[in-house]
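Trainee: I should like to learn how cavities, sheets and loops are read from a model. Could we begin with enclosed space?

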Amino acid sequence: MHWLAGFVLLSLTACATTPVTVNQATAVPVSRILAPQLVSQASHTGSLVVKRDGGFMGSACTIRVFVDAVPVADLGPSEKVEVFVALGEHSVVVTSNGICGGGTSEAAVVIMPERQRILRIASGQSGDIFLQPSAF
């Protein structure tokens, strides 16, 4: 009976994703960057970091990040991408790739000079993905 309780507890925790800090997340491999022109800082741009939680939920698939309808990168668990976009308001959309469900999530961000914006991609126990602001 104890092993059954342990298995159930492990099953429930394995389904949730775990937030990672910007420093804990690894940079997405260059092979999965779809808009290389956005990963180099240019004048009149600001920094936007999109990071994906760690954990088992949805780990079989990457999540594609779009900025203003431009595909930017395909993120695996605990990965991040930093892009440099024009100052002002932008639309960021994330959607699952491959056989995974999860749907699509979207957020608006305002990019300002000398202030890094951070967005977090999380997966819920239902498999849905969420894009939300992050402080770390």
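**Reading a cavity, a sheet and a loop**

Mentor: This is a predicted model, and the structure holds one cavity of 30 Å³ or more. As a general idea, rolling a probe the size of a water molecule over the atoms shows where empty space is left. Here, about 30 Å³ of space lies in the largest cavity.

Trainee: Which residues line the largest cavity?

Mentor: The lining consists of T17, R52, D53, G55, M57, P77, I121, A122 and S123. By character, these divide into four nonpolar, three polar and two charged residues. Strand β8 (residues 117-123) supplies the largest share of the lining, three residues.

Trainee: How are the strands of the open sheet ordered?

Mentor: In general, strands of a sheet pair through backbone hydrogen bonds, either parallel or antiparallel. In this model, the open sheet has five strands in the order β1-β5-β2-β8-β9, and the pairing is mixed. At its edges are β1 (26-27) and β9 (129-133), each of which pairs on one side only.

Trainee: How many bridges join β2 to β5?

Mentor: Seven bridges connect β2 (residues 45-52) with β5 (residues 79-86), and the two strands run antiparallel. Within this pairing, K51 has K80 of β5 as its bridge partner.

Trainee: Where is G58 placed, and why is G58 classed as neither buried nor exposed?

Mentor: G58 belongs to the loop between β2 and β3 (63-67). Its relative accessible area is 26%, so G58 counts as partly exposed, since buried requires under 20% and exposed over 50%. Leaving aside neighbours within four places in sequence, G58 is in contact with R52 and C100. The C-alpha atoms of G58 and G102 are separated by 8.2 Å, although these residues lie 44 residues apart along the chain.

Notes
Residues numbered from 1 in each chain as written. Predicted model: local features only at pLDDT ≥ 70, side-chain atom pairs only at ≥ 80, totals over all residues. Heavy atoms only, no water. Pairing = 2+ DSSP bridges. Helix = DSSP H or I, 4+ residues; strand = E, 2+ residues; numbered from the N terminus. Buried < 20%, exposed > 50% of the residue type's maximum accessible area, 1.4 Å probe, protein only. Contact = heavy atoms within 4.5 Å. 1 Å grid on protein atoms, 1.4 Å probe; cavity = no way out; pocket = protein on both sides within 12 Å on 5 of 7 lines; lining within 4 Å. Points joined across faces, edges and corners; volume = space filled by probe spheres on them. Nonpolar A, V, L, I, M, F, W, Y, C, P; charged D, E, K, R; others polar.
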